[in-house]
Amino acid sequence: MTTPLTDSPVTGTAPPATAVSLRGLRKTFGPVTAVDGIDLDVAEGEFFSMLGPSGSGKTTVLRMIAGFEEPTEGRILLGGADVTGRPPFARDVNTVFQDYALFPHMSVLQNVEYGLRVKRVERRLRRPRALEALETVRLSGFEDRRPHQLSGGQRQRVALARALVNRPKVLLLDEPLGALDLKLRREMQIELKALQRDVGITFVFVTHDQEEALTMSDRIAVFSGGRIEQVAAPAELYEHPATAFVAGFVGTSNLLEGPVARAVLGREGLFTVRPEKIHMQPRDAVAVAVASSLCTADGVVREVVYLGSATQSVVDLDAGGSLIVLQQNLRGSVQDKLDLRGSAVRLTWLREHTVAIGGPA
């Protein structure tokens, strides 16, 4: 699967220069194929995410870009230069890990300066560059603290400052928000995207969290079984998944196929519709002529789950199979929605919200 750069996701102009290129990348561990022939381009200045479940190959790809793993086959190019055989220290990249890997016996400032010391940057230049990096991540005034005196979000920002201080062309991030609680994680998603936009460095971000990838990325590559299923901007990925795996993994989706697709849509094939696109009403409501622009399906509510801001219902269709419906709790009683278990309902949605998988809509 080749995924060349297209027009800039931000400006729509000609594609920018390529920061990372992978060609025929493959990695095996004994009989196990972790990465199975990947071609991929990441643009300079792009926030690019590699998304997939555990064991899908995304972290192995990141480690090969960093130089921590050697490809079994294929090439890795950074800024057009082939770095496949170069050790990690000879590549213009830095990596931020989930556990941050800060030195507990060093102060915040010493941790940030460490990378400059390794690169033998002159002493007189190290301090101002480290202070500048801390200011970039909004940690001015924390220079003398030790890692154990910081919150999880602050430690994450120290790790970012330590990576940014070397001014790499590409910053690799291996699930750096995974250890944070949900509230802080969401705050850091916004901060990290804003930071990437400010510094203009290419970010290659690994995550298994779909919401995280959709929130932060310019483009996303969805991994499964060592291969890339689809590369697209977040909205394109969500609204027009290329495969059943992408439809099911990126958010919640409903699949219609076989006799159910024929009965509900009048068409053969595999189709998906997102739960929030579906409107649900009692089947005995006043009959209204159904427009040709609408799809309809009758069924019985099997289960209702309260999610706080929304209510999720599972509806067993008369035609067979089931659909999930997501309704925002904007009006009416939540209890009324919970009491719908066992009720006969009619589902409707715009025909344009039915997406054909693997073919034209």
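These are my notes on one glutamate and two pockets in a predicted model.

**Glutamate 46**

I looked up where glutamate 46 sits, and found this residue in the loop between β2 (32-43) and β3 (47-51). Is glutamate 46 buried or exposed? Its relative accessibility is 3%, so I entered glutamate 46 as buried; the cut-off for buried is under 20%. I then checked the side chain of glutamate 46 for a polar partner. One of its polar atoms lies 2.9 Å from the backbone nitrogen of alanine 43.

**Largest pocket**

I noted a volume of about 520 Å³ for the largest pocket. Its lining has 21 residues, and those nearest the centre are Val93, Asn94, Thr95, Gly115 and Asn166. I looked up which elements give two or more residues to this lining, and they are β6 (93-96), α2 (108-118) and α4 (152-164). The largest share comes from β6, with four residues. By class I recorded 14 nonpolar, four polar and three charged residues in the lining of the largest pocket.

**Second largest pocket**

For the second largest pocket I wrote down about 430 Å³. Which residues lie nearest its centre? They are His279, Gln327, Gln328, Arg331 and Lys337, out of 17 that line the second largest pocket. At least two lining residues each come from β13 (279-282), β16 (322-328) and α10 (334-338). I found that β13 gives the most, four residues. The class split of this lining is seven nonpolar, six polar and four charged.

Conventions
Residues numbered from 1 in each chain as written. Predicted model: local features only at pLDDT ≥ 70, side-chain atom pairs only at ≥ 80, totals over all residues. Heavy atoms only, no water. Buried < 20%, exposed > 50% of the residue type's maximum accessible area, 1.4 Å probe, protein only. Polar contact = N/O pair within 3.5 Å; in protein donor to acceptor, adjacent residues only side chain to side chain. 1 Å grid on protein atoms, 1.4 Å probe; cavity = no way out; pocket = protein on both sides within 12 Å on 5 of 7 lines; lining within 4 Å. Points joined across faces, edges and corners; volume = space filled by probe spheres on them. Nonpolar A, V, L, I, M, F, W, Y, C, P; charged D, E, K, R; others polar.
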